[in-house]
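Work through these exercises with the structure open beside you. Try each task before you read its solution.

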Amino acid sequence: MNGLPTQIVVFLLAEQEYALPVADVHEVIPYEPPTRVPVRDERVLGVINFRGQIVPVYDISAQFGITAAPVPTRVVLINSADRRLGLAVTQVADVLSVNEEMLAEMPAALNVQTQIVRVGERLIVLLSPAELFA
């Protein structure tokens, strides 16, 4: 399937649907306000203690032009390179099976590596942890 995941986890940031490959998702946990720490990356909300491991929690909504900060209810814990990260999301909506016919490439003029998954009339932005945290 040319690198396309067979399953994706769909989540919402405000009203927009995004997804990550299931293989990159470690777990989904309820959102608890993270402990604030001094960091240079404005996306970092703070850190949480996940089973004895300190995990940074990110708000990536501004990266996608979402100006009204969505109220998070879940943290999607992902594996990115050799580290674990948390994404604060409005809600986790679905786990979907994906095939090649559902995949659409972004127009080259947009100059982004993101892909789109078409599910009926829905357009779901398929994210890559490597791209998000490069």
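**Exercise 1. Decide whether V37 is buried, exposed or in between, then place it.**

Step 1. Take the relative accessible area of V37, which is 35%. Step 2. Apply the cut-offs: buried is under 20%, exposed is over 50%, and partly exposed is in between (1.4 Å probe, protein chains only). V37 therefore counts as partly exposed.

Step 3. Find its element: V37 sits in the loop between β3 (25-30) and β4 (44-50). Strands here are DSSP runs (E, at least two residues) and are numbered from the N terminus. Step 4. List its contacts, meaning heavy atoms within 4.5 Å. Beyond its neighbours within four places in sequence, V37 touches G46 and V47. Step 5. Check a distance: V37 and S80 are 43 residues apart along the chain, and their C-alpha atoms are separated by 21 Å.

Before you go on, note the ground rules. This is a predicted model, in which local features need pLDDT of at least 70 and side-chain atom pairs count only at pLDDT 80 or more, while totals for chains, interfaces and linings use all residues. Residues are numbered from 1 along each chain as its sequence is written, and side-chain values use heavy atoms, with hydrogens and water left out.

**Exercise 2. Find the aromatic pairs and say what the pair of Y18 and F64 ties together.**

Step 1. Recall the rule: rings of Phe, Tyr and Trp (its six-membered ring) pair if their centres lie within 6.5 Å; planes under 30 degrees apart are stacked, over 60 edge-to-face, and the rest tilted. Step 2. Search the whole structure: two aromatic pairs turn up. Step 3. Classify Y18 and F64: their centres are 4.7 Å apart with 40° between the planes, a tilted pair.

Step 4. Locate both partners. Y18 lies in strand β2 and F64 in the loop between β5 (53-58) and β6 (74-80), so the pair ties together parts that are 46 residues apart in sequence. Step 5. Compare accessibility. Y18 is buried at 5%, whereas F64 is partly exposed at 28%. Step 6. Add the cluster: ring pairs link F11, Y18 and F64.

**Exercise 3. Follow T90 to its partners.**

Step 1. Place T90 in the loop between β7 (83-89) and β8 (91-97). Step 2. Classify it: at 17% relative accessible area, T90 is buried. Step 3. Look at its side chain, which reaches the backbone nitrogen of A14 at 2.8 Å. Step 4. Turn to A14, in the loop between β1 (7-13) and β2. A14 is partly exposed at 25%. Its phi is near 60°, a positive value in a residue other than glycine.

Step 5. Widen the view. Leaving aside neighbours within four places in sequence, T90 contacts residues including L12, L13, P70 and P72. Step 6. Now pick P21, in strand β2 (residues 16-21). P21 is buried at 12%. P21 and T90 are 69 residues apart in sequence and 18 Å apart in space, C-alpha to C-alpha.

**Exercise 4. Describe R51.**

Step 1. Find R51 in the loop between β4 and β5. Step 2. Read its phi: near 50°, a positive value in a residue other than glycine. Step 3. Classify its surface: with a relative accessible area of 64%, R51 is exposed.

Notes
Helices (H or I, at least four residues) and strands (E, at least two) are DSSP runs, numbered from the N terminus. A polar contact is a pair of N or O atoms within 3.5 Å; within protein, one must be able to donate a hydrogen and the other to accept it, and residues adjacent in sequence count only if both atoms are side-chain atoms.
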